[in-house]
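User: I have this model open on my screen and would like to know the reasoning behind the labels it carries. Could you take me through them?

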Amino acid sequence: MALESIRYSDGKLEILDQLLLPAQNKYVSVKGVEDGWKVINRMQVRGAPAIAIVGCLSLAVEIYNEQFNDKKSLRQEIEGKLNYLVSARPTAVNMKIAADELIKLSNELAINDDISVNEMKQKFLDTTEAMLRKDIEDNKAIGTNGANAILQNKTDGSSVRVLTHCNTGSLATAGYGTALGVVRKLFEMNRLEHIYCTETRPYNQGARLTAFELVHDKLPATLIIDSMVSALMQKKNIAAVVVGADRVVANGDTANKIGTYQIAVVAKYHNVPFYIAAPLTSIDLKISSGEQIQIEERPQREMTHVGDHRIAAQGIKCWNPAFDVTPAHLITGIITEKGVFKPDEMREKVSEFLQTGK
Ligand code: MRU
């Protein structure tokens, strides 16, 4: 059975607690926006698409269970609470984009005299619930586009070895995954010789979550520690690197999990194509370059401790940025549900899709 990080039906939301994986499979109930903010901020749920979906569904839970006398109060609640949810984690853009779209929808419905307050509420709930289905569809398209891009020069039908970083699979999305969706597609096509995943210190999304997914789905996989990437490329004939994104900005610079930038540098040195796999909801055309992306800094404890056990010397200072920015010139292609774009053509192509919806 496929892993499910988010379960929602009829005003009830549960998330798989990713702080407990891989030791325990435990779902926690999200009863409203306050719970939604906390599970995102504490990283019980993480990954840019999953953050946005859980944030929006946590508001859907409240709205489902509330009665509204007028559209003005419903509109105010939607706007205020979505803006609050955006503040839970700053780097991934998906929650902000989802919030802006839902606020725009509620503004339009609020001034439409043909729509009652109950119809407005239902439309909000339907739109929010649809995010789960749409994310899986988009990930499947990303998977196909990415697998074809990686295989484009492999005309002999041989299989490939790929490296990924962090966790971009079913646990980071509504299902299937972005970069891990590309890996899954290669496997389905019988063209994946091996997938390598990094440990992804300090939060260990690779060792705890990606490794868990790969074992669960029986893919041919090996875990490496973060400092083995150069050796891996020197020794193991890696065909491509594919990673996710928290925010791709207009010039193609991309914020993703800390360590992504150094993998891109090493990939360039070894002539290994380096791909970003991300839905359009991770693309922020309002920001022109990576320098303007706000990078979240997380507690020192994530570096100094493993569980309750201190591994770093007492008294040492720590710097713990959760993300870094890979410059566009190190990126071979940005794999989206609409196609694979070179960083310098991405702005134009994505604006066209956003304007025409096609
Ligand atoms: O801090 P996290 O675990 O939320 O960071 C996740 C990542 O950086 C992922 O690579 C990114 O969000 C893409 S998830 C499809």
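**Reading the labels**

Analyst: Happy to! One label to start with is that of Tyr84, which counts as partly exposed because its relative accessibility is 30%, and partly exposed covers values between the 20% and 50% limits. Please keep in mind that this is a predicted model.

User: What makes the rings of Trp37 and Tyr84 a stacked pair?

Analyst: The structure holds 2 aromatic pairs, and this is one of them. The ring centres of Trp37 and Tyr84 are 5.7 Å apart, and a pair needs centres within 6.5 Å. Their planes meet at 10°, while the stacked class takes angles under 30 degrees. The pair of Trp37 and Tyr84 is therefore stacked.

User: Which parts of the chain does that pair link?

Analyst: Trp37 belongs to helix H1 (residues 33-41) and Tyr84 to helix H3 (residues 71-86), with their positions 47 residues apart in the numbering, so to speak: they are 47 residues apart.

User: And why is the pair of Phe341 and Phe353 called tilted?

Analyst: Here the centres lie 6.1 Å apart and the planes are at 35°. Stacked needs under 30 degrees and edge-to-face needs over 60, with the rest called tilted, so Phe341 and Phe353 form a tilted pair. This pair also links distant parts of the chain: Phe341 is in strand S16 (residues 339-341) and Phe353 in helix H11 (residues 343-356), 12 residues apart.

User: How do you know whether Phe341 and Phe353 are buried or exposed?

Analyst: Buried means under 20% relative accessible area. Phe341 has 5%, so it counts as buried. Phe353 has 18%, so this residue counts as buried too. For the whole protein, 55% of the 358 residues count as buried.

User: What makes Lys140 a charge over the ring of Tyr176?

Analyst: The distance part of the rule asks for a charged atom within 6 Å of the ring centre. The charged end of Lys140 sits over the ring of Tyr176, 5.5 Å from its centre. Lys257 likewise lies over the face of Phe323, at 4.2 Å from the ring centre.

User: Where is there a cis peptide bond, and what is its omega?

Analyst: One joins Leu21 and Pro22, with omega about 5°. Pro22 lies in the loop between strand S2 (12-16) and strand S3 (27-30). Another cis bond runs from Arg201 to Pro202, where omega is near 0°. Pro202 is placed in the loop between strand S5 (192-198) and helix H7 (205-216). These are worth pointing out because most peptide bonds are trans.

User: What is the phi of Asp10, and is its sign positive or negative?

Analyst: The phi of Asp10 is positive, about 45°, although Asp10 is not a glycine. Most residues other than glycine have a negative phi. Asp10 lies in the loop between strand S1 (6-9) and S2. With 53% relative accessibility against a limit of over 50% for exposed, Asp10 counts as exposed.

Asn237 can be read in the same manner. Its phi is near 50°, a positive value in a residue other than glycine. Asn237 is found in the loop between helix H8 (229-235) and strand S7 (240-243), and its 61% relative accessibility makes it exposed.

User: How do you know that the side chain of Asn256 makes a polar contact with the ligand?

Analyst: A polar contact requires N or O atoms within 3.5 Å. A polar side-chain atom of Asn256 lies 2.8 Å from an oxygen atom of the ligand. For Arg89, an N or O atom in the side chain is 2.8 Å from a ligand oxygen, and a polar backbone atom of Ala48 is 2.9 Å from an oxygen atom of the ligand. The protein covers 99% of the 420 Å² of accessible area that the ligand has on its own. The ligand is surrounded by 18 residues, and the closest are Arg46, Gln205, Asp246, Asn256 and Lys257.

User: What radius of gyration would a compact globule have here, and how does the protein compare?

Analyst: With 358 residues, a compact globule would come out near 21 Å; the protein has 20 Å, so the two agree. Its C-alpha trace spans about 65 × 50 × 40 Å along the principal axes, and its secondary structure comes to 11 helices and 16 strands.

Definitions and conventions:
Residues numbered from 1 in each chain as written. Predicted model: local features only at pLDDT ≥ 70, side-chain atom pairs only at ≥ 80, totals over all residues. Heavy atoms only, no water. Phe/Tyr/Trp six-rings, centres within 6.5 Å; stacked < 30°, edge-to-face > 60°. Helix = DSSP H or I, 4+ residues; strand = E, 2+ residues; numbered from the N terminus. Buried < 20%, exposed > 50% of the residue type's maximum accessible area, 1.4 Å probe, protein only. Lys NZ or Arg CZ within 6 Å of the ring centre and 35° of its normal. Near = heavy atom within 4 Å. Polar contact = N/O pair within 3.5 Å; in protein donor to acceptor, adjacent residues only side chain to side chain. Areas by Shrake-Rupley, 256 points an atom, 1.4 Å probe, with all protein chains shown as cover. Rg over C-alpha atoms; globule rule 2.2 N^0.38 Å.
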